[in-house]
Amino acid sequence: MSARRQDGCSVAIVTGAGSGIGRASALALADDGFRIAAADIDEAAAQETAQHIVQAGGEAFALRVDVTREEDCEALVAQAGERWGRLDAAFNNAGIAGYPLLTVEHSLAQWRHVLDVNLTGVFNCLRPQMRAMKRGGGAIVNTASIMGLRGGYGGSAYCASKHGVIGLTKAAALEGGRDGIRVNALCPGYIDTPMTTGADSIFNEKKLDAGIARAAIRRLARPEEVAAMVVWLCSARASYVTGASFTVDGGVTAS
Ligand code: NAP
């Protein structure tokens, strides 16, 4: 099933579109011919992404969306539908790094916060998206992480949330197949975004160096290198690909 329409009217939603992997993917999808609904909890950042797309000759609008709020996610799909009449692709990517804590140190509130954004946020987006794609099919990519494939010392809520995204992706792929809806998970490794290298990052230099040392390609990835996978998964070139998880990790999980 191709997500991309041949008449140049393809429509994609991107959450977490105001920064990092989300912004790079919104720009790359626009470059590939998609009209973009750019959603982020940071409305000004989403606006900036939409402006970049429009300035480059594409079509986009921005919306403040908190993915933990069901009504925000419903409104996002509805607005894309009202404006452009269809939905072909969605990149459910908004997420937070959570807390660098051991399991015994996590409070229940911290656990719930991370699960709410990273896992329930994807669930909230998936439901209206799959309803919207029921007639025409489409492609959905959910951002997990290499921490959805393996354990990580500290940050168990993040690790659990990303394992959950992969499980949710597989179940949704089984359900969507008959309607031509492909659903896949993306598992980035160590990517150079505000989440890892920003001023408020939970990663210090030592942690980042350790991450880089685990990669066969000994550097952080650029967000554009992750976006290239998102574009491929949303394209007709991935027409038989569903229910799978794709690492873009420079070889971290190869060991
Ligand atoms: P980023 O630069 O921090 O971008 C994430 C964006 O999502 C930010 O604009 C953030 O807004 C927004 N956001 C946070 N909570 C939200 C909510 N409740 N509703 C809507 N938007 C929300 O991080 P990134 O590195 O691009 O991460 C994107 C995704 O990749 C995340 O799911 C992350 O877990 C995953 N990932 C990243 C890496 C990495 O190395 N960077 C590795 C594996 C997986 P605020 O800035 O205002 O919070």
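## Strands, ligand and pocket in a predicted model

Let us start in the interior: strand β5 (residues 138-143) is largely enclosed by the rest of the structure, because 6 of its 6 residues are buried. Please keep in mind throughout that this is a predicted model. The side chains of β5 go two ways: Gly138, Ile140 and Asn142 point to one side, while Ala139, Val141 and Thr143 point to the other. Both sets are buried. A neighbour of this strand is β4 (residues 89-92), which pairs with β5 in the parallel sense over 4 bridges. Within that pairing, Ala89 is found opposite Ala139 of β5.

Strand β7 (residues 245-248) makes a nice contrast. In a regular strand, side chains alternate between the two faces of the sheet. Here Phe246 and Val248 point to one face and are buried, whereas Ser245 and Thr247 point to the other face and are not buried. Strand β6 (residues 181-188) runs parallel to β7 and is joined to it by 4 bridges. Leu186 stands across from Phe246 in β7, and Phe246 is one of the two buried side chains of that strand.

Now to the ligand. There are 28 residues around it, and Ser19, Ile21, Asp40, Tyr158 and Thr193 come nearest. Several backbone contacts can be listed, and Ile21, one of the nearest residues, appears among them with a backbone N or O atom 2.8 Å from a ligand oxygen. For Ile41, a polar backbone atom lies 3.3 Å from a nitrogen atom of the ligand. Val65 also has a polar backbone atom 3.3 Å from a ligand nitrogen.

The second largest pocket has a volume of about 160 Å³. Its lining is made up of 15 residues, and those that lie nearest the centre are Arg219, Leu220, Ala221, Asp249 and Gly250. By character, the lining divides into 9 nonpolar, 3 polar and 3 charged residues.

A few single residues deserve a closer look, and the table gives their relative accessible areas.

| Residue | Relative accessible area | Class |
|---|---|---|
| Thr196 | 8% | buried |
| Trp84 | 13% | buried |
| Ile96 | 24% | partly exposed |
| Ala160 | 27% | partly exposed |

Thr196 belongs to helix α6 (residues 194-197). With a relative accessible area of 8%, Thr196 counts as buried because the cut-off is under 20%. A polar atom of the Thr196 side chain lies 2.4 Å from the backbone oxygen of Ile191.

Trp84 is located in helix α3 (residues 70-84). Its relative accessible area of 13% likewise makes it buried. Trp84 and Asp40 are 44 residues apart along the chain, and their C-alpha atoms are separated by 20 Å. Asp40 is also among the residues that come nearest the ligand.

Ile96 sits in the loop between β4 and α4 (108-133). The C-alpha atom of Ile96 is 9.3 Å from that of His113, with 17 residues separating the two along the chain. Ile96 is partly exposed, because its relative accessibility of 24% falls between the limits of 20% and 50%.

Ala160 is found in helix α5 (residues 156-176). Its C-alpha atom lies 7.1 Å from that of Gly148, and the two residues are 12 apart in sequence. Ala160 is partly exposed at 27%.

Methods. Residues are numbered from 1 along each chain as its sequence is written. This is a predicted model: local features need pLDDT of at least 70, side-chain atom pairs count only at pLDDT 80 or more; totals for chains, interfaces and linings use all residues. Side-chain values use heavy atoms; hydrogens and water are left out. Buried means under 20% relative accessible area, exposed over 50%, partly exposed in between (1.4 Å probe, protein chains only). Two strands pair if DSSP finds at least two bridges between them. On a 1 Å grid over the protein atoms alone, a cavity is a set of points where a 1.4 Å probe fits but cannot get out, and a pocket is an open set with protein on both sides within 12 Å along at least five of seven lines; lining residues have an atom within 4 Å of a point. Grid points are joined across faces, edges and corners, and a volume is the space filled by probe spheres set on the points. Ala, Val, Leu, Ile, Met, Phe, Trp, Tyr, Cys and Pro count as nonpolar, Asp, Glu, Lys and Arg as charged, and the others, Gly among them, as polar. A residue is near a molecule or strand if one of its heavy atoms lies within 4 Å of it. A polar contact is a pair of N or O atoms within 3.5 Å; within protein, one must be able to donate a hydrogen and the other to accept it, and residues adjacent in sequence count only if both atoms are side-chain atoms.
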